[in-house]
Amino acid sequence: MSKGKLVKFAELATFSNTLQTMDVPRGCWSREYFGNDNEIILELACGKGDYTIQLARHYPEKNFIGVDIKGARLWRGAKMALDNNLKNVAFIRNFIENLTELFSESEISEIWITFPDPYTKRRKAKKRLTSPRFLGLYRKVLKKGGLIHLKTDEKSLFEFTQEIIGNENCILHEKIDNLYANPIENELLSIKTTYEKSHLEDGRIIRYLCFSFE
């Protein structure tokens, strides 16, 4: 591990807005961590927290939590939130597989999944964040009607997710095959992550899905 990463890991451990263990009781995030009764929105595999930060700026009346296992990436978003005094932002360094240990039933209002690892090899399909395995976790923590958003540049993941939606009793609310082919009306979709900016520079097509459980 590089010296720079070690420094970030050490600093991350001191950040008041970042938890690396399950210190907050399930079902108590709004009240015990944020000190309010506002709804909670997750960004899963949040990386550097680009969407977490921008969503929090758009909606100061809501609470936002970015979840990722890679601390060196989380460091950037967590530091930015602290530097900008964003009180409605937190980060959790943990595996998404532990979601139901972190949050209780119906504790989450909405989920964003932005440019996750597509795991293009078929034998790794279970690791895709829109696989039935993960949807089962989301179903347990999401409120009834809670939206799940997916942004990806990987066509195979986009098509795979549509297939899964059809098989898992989900409701498809919106599908955009090429997000930037036309002017974007929803400003939240125009938020660009570090990965998205890189993908656009490479000429890749960005795709978007929004769905919920029946």
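Asn-94 sits in the loop between strand 4 (89–93) and helix 5 (99–102); helices (H or I, at least four residues) and strands (E, at least two) are DSSP runs, numbered from the N terminus. Its relative accessible area is 9%, so Asn-94 is buried; buried means under 20% relative accessible area, exposed over 50% and partly exposed in between (1.4 Å probe, protein chains only). Neighbours within four places in sequence aside, Asn-94 is in contact with Met-22, Val-67, Asp-68, Ile-69 and Leu-102, where contact means heavy atoms within 4.5 Å.

This is a predicted model, in which local features need pLDDT of at least 70 and side-chain atom pairs count only at pLDDT 80 or more, while totals for chains, interfaces and linings use all residues. Residues are numbered from 1 along each chain as its sequence is written, and side-chain values use heavy atoms, with hydrogens and water left out.

**Sheet**

An open sheet is formed by 8 strands in the order 1-4-3-2-5-6-8-7, with mixed pairing; two strands pair if DSSP finds at least two bridges between them. Strand 1 (18–19) and strand 7 (170–176) are at the edges with a single partner strand each, so one side of each has no neighbour in the sheet.

Strand 2 and strand 3 run parallel and are joined by 5 bridges. The bridge partner of Ile-40 in strand 3 is Asn-63. Of the 6 residues of strand 3, 6 are buried, so the strand is largely enclosed by the rest of the structure. Asn-63, Ile-65 and Val-67 point one way from strand 3, and Phe-64, Gly-66 and Asp-68 point the other way.

Strand 6 (residues 142–152) pairs with strand 8 (residues 207–213) in the antiparallel sense, over 5 bridges. Lys-151 stands opposite Tyr-208 in strand 8. Helix 6 lies across strand 2 (40–44), strand 5 (108–114), strand 6, strand 7 and strand 8, and runs at about 140° to strand 6; axes are lines fitted to C-alpha atoms, for helices over the stretch in contact, and angles run from 0 to 180 degrees between N-to-C directions.

**Residues outside the strands**

| Residue | Location | Relative accessibility |
|---|---|---|
| Asn-17 | loop between helix 1 (3–12) and strand 1 | 4%, buried |
| Lys-126 | loop between strand 5 and helix 6 | 66%, exposed |
| Glu-214 | segment after strand 8 | 58%, exposed |

Beyond four places in sequence, Asn-17 is in contact with residues including Tyr-33, Ala-78, Leu-82 and Phe-91. Asn-17 and Gly-66 are 49 residues apart in sequence and 10 Å apart in space, C-alpha to C-alpha. With residues up to four places away again not counted, Lys-126 touches Ser-131, Arg-133 and Phe-134. On the same basis, Glu-214 is in contact with Lys-144, Asn-169, Cys-170 and Ile-171. The C-alpha atoms of Glu-214 and Gly-146, 68 residues apart along the chain, are separated by 9.8 Å.

**Largest pocket**

The largest pocket has a volume of about 680 Å³. Here a pocket is an open set of points on a 1 Å grid where a 1.4 Å probe fits, with protein on both sides within 12 Å along at least five of seven lines, and lining residues have an atom within 4 Å of a point. Its lining has 30 residues, of which Ala-45, Arg-73, Pro-116, Asp-117 and Tyr-119 are the closest to the centre. Strand 3 (63–68), helix 6 (132–141) and helix 8 (194–201) each supply at least two lining residues. By class, the lining has 13 nonpolar, 5 polar and 12 charged residues.

Methods. Grid points are joined across faces, edges and corners, and a volume is the space filled by probe spheres set on the points. Ala, Val, Leu, Ile, Met, Phe, Trp, Tyr, Cys and Pro count as nonpolar, Asp, Glu, Lys and Arg as charged, and the others, Gly among them, as polar.
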